[in-house]
Amino acid sequence: MEFIKLKSNKGEIIDGLIQIIPDVYNDERGYFLESWNNNKLNKFLGREIKFTQDNISKSKKNVIRGLHYQIKPNPQAKLIRCLAGSIFDVAVDIRINSKTFGQWAGIKLSEKNKFQFLIPEGFAHGFLSLENNSIIYYKITNKWVKELERAIVWNDKEIDILWPLPDKDFILSQKDENAFSFSEAIKLNDIF
């Protein structure tokens, strides 16, 4: 299992964002991989992380979900993987005292590459489904609390995420279409 620190859209390492590349053992029967190892991750991080819930979502091609996050006192870290299809997964640093505040990193997660994306507390998260029936499996560290849930609009000009498939008509929920801008989230103090 390999852990890689990710760089932002501006080329800086973003503290806490980790791409996890599992060891995959293929043979004529199929494959085997260790998808989660608490001890290895905690050793790499130098601290303990405890996931409390697993979620699954399924999306059509061109669906964008996000940019979602949950504020204190129940912020959530997430460990994302794609079981079927593929997604472009994005995390935006919304930690006001971070040197990479407002910067983002994105990676392709797919059934084929089997990569995972660790997103700590203090980030807004979203993804674009690149194929029909993309299935996303993710672990979270705190329960969902409706009153603490927040969203920043997926196409915020200040953040300027370079989504693949830029000429497509994306499919969004009403909540995501009406999400706050990054500037509004800052004014409301809905950041970390």
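In this predicted model, five strands form an open sheet in the order E9-E8-E11-E6-E13, and their pairing is antiparallel. Strand E9, which covers residues 104-110, and strand E13, which covers residues 149-151, are the edge strands of this sheet, and each of them pairs on one side only. From one strand to the next, the twist averages 25°. As general background, the strands of a sheet pair through backbone hydrogen bonds, and they may do so either in parallel or in antiparallel fashion.

**The sheet of 5 strands, seen from E13**

- Strand E6, made of residues 64-70, pairs with the edge strand E13 in the antiparallel sense, and this pairing runs over 3 bridges.
- One bridge can be followed residue by residue, since His68 has Ala151 in E13 as its bridge partner.

**The sheet of 6 strands**

- A further open sheet has 6 strands, which follow the order E1-E2-E10-E7-E12-E5 and pair in the antiparallel sense.
- Its edges are formed by strand E1 (residues 2-7) and strand E5 (residues 53-59), each of which pairs on one side only, and the twist from one strand to the next averages 25°.
- Edge strand E5 is joined to strand E12, which spans residues 134-140, by antiparallel pairing over 7 bridges, and within this part of the sheet Ile56 has Tyr137 of E12 as its bridge partner.
- Helix H1, covering residues 38-45, packs on this sheet and touches E1, strand E2 (residues 13-21) and strand E10 (residues 116-119), while the direction of the helix makes about 45° with that of E1.

**Asn42 in helix H1**

- Which helix holds Asn42? This residue lies in helix H1, and because its relative accessible area is 12%, which falls under the 20% limit, Asn42 counts as buried.
- A polar atom of the Asn42 side chain lies 2.9 Å from the backbone nitrogen of Ile49.
- When residues up to four places away in sequence are not counted, Asn42 touches Arg47, Glu48 and Ile49.

**Salt bridges**

- Side chains of opposite charge can pair when their charged atoms come close, and the count for this model comes to 6 salt bridges, of which some examples follow.
- Asp27 and Arg29 meet through their side chains in a salt bridge, with an N to O distance of 2.4 Å; Asp27 is partly exposed at 33% relative accessibility, whereas Arg29 is exposed, with a relative accessible area of 73%.
- Asp93 and Arg95 also form a salt bridge, in which the closest N and O atoms are 2.9 Å apart. Are these residues buried or exposed? Asp93 is buried, with a relative accessible area of 0%, and Arg95 is buried as well, with a value of 18%.
- The side chains of Arg150 and Asp190 meet in a salt bridge at 2.8 Å, taken from N to O. Arg150 lies in strand E13, while Asp190 lies in the segment after helix H3 (residues 182-187), so this pair ties together parts that are 40 residues apart in sequence.
- Asp190 counts as buried, because its relative accessibility is 9%, and its partner Arg150 brings the account back to strand E13, an edge strand of the sheet described at the start.

Conventions. Residues numbered from 1 in each chain as written. Predicted model: local features only at pLDDT ≥ 70, side-chain atom pairs only at ≥ 80, totals over all residues. Heavy atoms only, no water. Pairing = 2+ DSSP bridges. Helix = DSSP H or I, 4+ residues; strand = E, 2+ residues; numbered from the N terminus. Axes fitted to C-alpha atoms, helices over the stretch in contact; angles between N-to-C directions. Contact = heavy atoms within 4.5 Å. Buried < 20%, exposed > 50% of the residue type's maximum accessible area, 1.4 Å probe, protein only. Polar contact = N/O pair within 3.5 Å; in protein donor to acceptor, adjacent residues only side chain to side chain. Salt bridge = Lys/Arg side-chain N within 4 Å of Asp/Glu carboxyl O.
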